[in-house]
Amino acid sequence: MKRLYALVCIFISMQATAQTGTIKGTITTSDGAPGEFVNVVLERTSRGAVVNEGGHYTINKVPAGTYILVASLTGLLTQRSEVTVAAGETSTIDFTLIEDNKQLQEVIVRGNSRLVNKESETVARMPLKNLENPQVYNVVGKELLKEQVVTVMTDALKAAPGVVAVSYPSGGIGVMSRGFGTNVGARNGLQSDLGRSSADVSNIERIEFVKGPSGTLFGAGISSFGGLVNLVTKKPGDGFFGNVGLTVGSFGLSRITADINSPLNKEKTVIARINTALHRQNNFSEFGRINSFAFAPSLLFKASEKLSVLFDAEIFNANSSRPTYTRFGPQSGITNYKDIPLDYRKSLYDNDLDAKTQSQKYFVEAKYRISDRWTSSTNISYVNEFTDYSYQTYNTWVARDRVARYVGIWGPIKNTYINAQQNFVGKFSTGSVKHTLLAGLTYTNLYANGMSKSGPNFDTVNVFQSYKLIDKVYTDRLLLQPARVSSRGTTKNQYMGAYVSEVVNLGDRVYAMLSLRVDKFKQATGGFTPGGYEQNSVSPKLGLVYQLIKNKVSVFGNYMNGFQNTNPQVEQPDGSITNIKPLYANQWEAGLKTEWLDGKVSGTLSYYTINIDNALRTDDSGFTRQDGQQQSKGVEVDILANPVSGLNIVLGYGYNENRIVKAELNQGNLVAGAPQNIATYWLSYKFRTTALRNVGAGFGGNYASSSYFSDANTITIPSYSVVNATLFYENNKYRTGLKLNNIGNTKYWDSYGIYNPTRNFSVDLAIKF
């Protein structure tokens, strides 16, 4: 009888379920952010749901019928939509909510009003929270870039703690991180190239700075022993929104930008987004200019509930000038950049010595949800950087009053990358132990060739007497001759890698990370070995996290390995051959991470040591030895806080000592271009109430201690402190602001000895829709 009763209950339950349906959808705010915490209810019923952090909601077991669905949150206009629920079917209703001018004029969405948010699936290539990750990283988001009125990439890089931005004489950009030069070599986790061109900030969602040797997941092609810099671009979002902006300022700055997002069909399964920028500006000195155009379209196709495909492109053209590279002869008597006798704004070259570059980048990303616990991500990209020509100027001081002048011409130069990457990410359990697993394969094909024109120094001039500027006509007459033209040859490289990373959740508070990468590097042509060569590398990574206070305080430790491919064979002076292994760096790091007030206050403190034990060196007899040693050690601190609504605090400090421990030359010296003390800070406040509602102000800056121009430690790059400030007004319709940069009019040089802008201002106006 009991069994019969149970069967009847099950039958009735099944019948009831068969007469119900499901309502689900996505809710975003007018700027495309997920509408987390929005309440979705069926009017005149008790059924409803709260939108999750991804902007999604689901209401199950809704009896068949027609209802009014209501989406509401304080500060947003309440929206209603009629929905008909059919038995056994799913109805999809999406909302885009806007601010209610009659209410608080404040969107209460986590991460949307804060300048800093460390949530990222790109850093670990898996869904891993900051307090669960044993690696140190920093994130600079679009909100911080907007508030600081950032218009060029070098200023965007300066916003991160523990790094200093550098400009290359070739026109590219990078950073010094933990004492090592680091290129901006990754775009959405795939290998890119900014060696001879730059990128526009208009299409940047955030910039991720992953600290330490990061070869395990990303490979040697896009990381250094100091870490990697990954540009994450803007993606299409549900709903129609956008803005157009104008920025004008010092040195003839004029910049027009646009960001437009729109669904292309009623079902919102095809969504397009376009970011573009036109930038014009002269240099602060007599020499130099920026003239660039960026166009970045993207298209998201939601093929099904499980499959989505993102098409992404970025076109960047620039006709700009390269910074003058300054060197010092042994008899110059100059030991500090601040002692250069030439006026800070003066130039020895005419402004027509420019460079013309263009880059095209195309990406396809297919995401497939295999199950509730497993996902697949397939990425393919084509990146082409082409330098039509690049005039680069060089000053070599031979005395305190005399300088040798030289110009080189590089180009045409072509660098083409074809990338393919496949990742599988899943979660599973073995008993009470939880696992998050990443397994991936990656392939990169690099094709590069080019030409250059070079010769001896053009002349030597006394800077205290009259001299004629070197211009393009004079340079062409000297260098555009067959004897001055040389080929850079053709390089064909292949990078193939396989990697696996697992995070094991042992109990309630312990997380262990185990990672391994195997790489094969093949160079068919180019380099120093005729006929090409191959190298294999294995790179491990281990990490451990223990949460002292659940979801609030973690202690962590990690061991990370990075590598660089080198020429595998060297011919010694006696004719013998020495086999050279890949150059390895090993990092040990320990520290503390903390997050409070639901992530509104977070901090990281870490100590690290990076050792290189097989560096190449040449002894007095000219023999190459792979027993050189180098050690980089230091402390990093960063604090990010949004303790009360409207107040944002970004504080960062890094101490680094990178020394040559063992070498025939410069043993015991500090490595070139690495300041020992680096500080970054930014504080801002936007009024939420009173007569000053929507008015905001901020100030902050950068400090770097002195460093050396070369490993010989004979030429000093002086320390500097730069302070900036901003005043702005922003509501849901428009934004306008005034930014003052380098208020103290500081003269300062980066790690390559490239001088930076003096005091300047910019004014921006953006209309939102």
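Reader: How do the residues lining the second largest pocket divide into nonpolar, polar and charged?

Author: First, some ground rules: this is a predicted model, where local features need pLDDT of at least 70, side-chain atom pairs count only at pLDDT 80 or more, and totals for chains, interfaces and linings use all residues. Residues are numbered from 1 along each chain as its sequence is written, and side-chain values use heavy atoms, with hydrogens and water left out. Ala, Val, Leu, Ile, Met, Phe, Trp, Tyr, Cys and Pro count as nonpolar, Asp, Glu, Lys and Arg as charged, and the others, Gly among them, as polar. On that basis the lining of the second largest pocket splits into 13 nonpolar, 23 polar and four charged residues.

Reader: Which lining residues lie nearest the centre of the second largest pocket?

Author: On a 1 Å grid over the protein atoms alone, a pocket is an open set of points with protein on both sides within 12 Å along at least five of seven lines, a cavity is a set where a 1.4 Å probe fits but cannot get out, and lining residues have an atom within 4 Å of a point. The second largest pocket holds about 1200 Å³ of space, where volume means the space filled by probe spheres set on grid points joined across faces, edges and corners. A total of 40 residues line this pocket, and nearest its centre you'll find Asn-183, Asp-193, Tyr-417, Leu-446 and Tyr-495.

Reader: Which element gives the largest share of the lining of the second largest pocket?

Author: Elements here are DSSP runs numbered from the N terminus: helices (H or I, at least four residues) and strands (E, at least two). Those giving two or more residues to this lining are β12 (180–183), β25, β26 and β28. With five residues, the largest share comes from β28.

Reader: Along β12, which side chains point to one face and are buried?

Author: Buried means under 20% relative accessible area, exposed means over 50%, and partly exposed is in between (1.4 Å probe, protein chains only). The side chains of β12 alternate, and Gly-181 and Asn-183 point to one face and are not buried. Pointing to the other face, and buried, are Phe-180 and Thr-182.

Reader: In β12, what is the bridge partner of Ser-177?

Author: Strands β11 (173–177) and β12 pair in the antiparallel sense over four bridges, and pairing takes at least two bridges found by DSSP. The two strands make a hairpin with two residues between them, and Arg-178 in that turn has a positive phi of about 55°. Across from Ser-177, the bridge partner in β12 is Phe-180.

Reader: Which element gives the most to the lining of the second largest cavity?

Author: There are nine cavities of 30 Å³ or more, and the second largest has about 190 Å³ of space. Its lining has 22 residues, with Gln-191, Phe-218, Gly-219, Thr-444 and Arg-517 nearest the centre. Two or more lining residues come from each of β14 (190–191), α4 (215–218), β25 (402–430), β26 (433–453), β28 (485–506) and β29 (510–525). The biggest giver, with four residues, is β29.

Reader: By how many degrees are neighbouring strands of the open sheet turned against each other on average?

Author: The open sheet has four antiparallel strands in the order β3-β2-β5-β6. At the edges, β3 (48–50) and β6 (79–85) each have a single partner strand, so one side of each is left without a neighbour in the sheet. Angles between axes, which are lines fitted to C-alpha atoms (for helices over the stretch in contact), run from 0 to 180 degrees between N-to-C directions. Ignoring direction, the average turn between neighbours in this sheet is 20°.

Reader: In β6, what is the bridge partner of Ile-68?

Author: Strand β5 (65–72) pairs with β6 in the antiparallel sense, over seven bridges. Opposite Ile-68, the bridge partner in β6 is Glu-82.

Reader: Is Ser-347 buried or exposed?

Author: Ser-347 sits in the loop between β22 (325–328) and β23 (355–369). A polar atom of the Ser-347 side chain lies 3.0 Å from the backbone nitrogen of Tyr-349. With a relative accessible area of 5%, Ser-347 is buried.

Reader: What is the relative accessible area of Asn-666?

Author: Asn-666 lies in the loop between β37 (647–662) and β38 (677–686). Its phi is positive, about 65°, although Asn-666 is not a glycine. Asn-666 counts as partly exposed, at a relative accessible area of 29%.

Terms used
A polar contact is a pair of N or O atoms within 3.5 Å; within protein, one must be able to donate a hydrogen and the other to accept it, and residues adjacent in sequence count only if both atoms are side-chain atoms.
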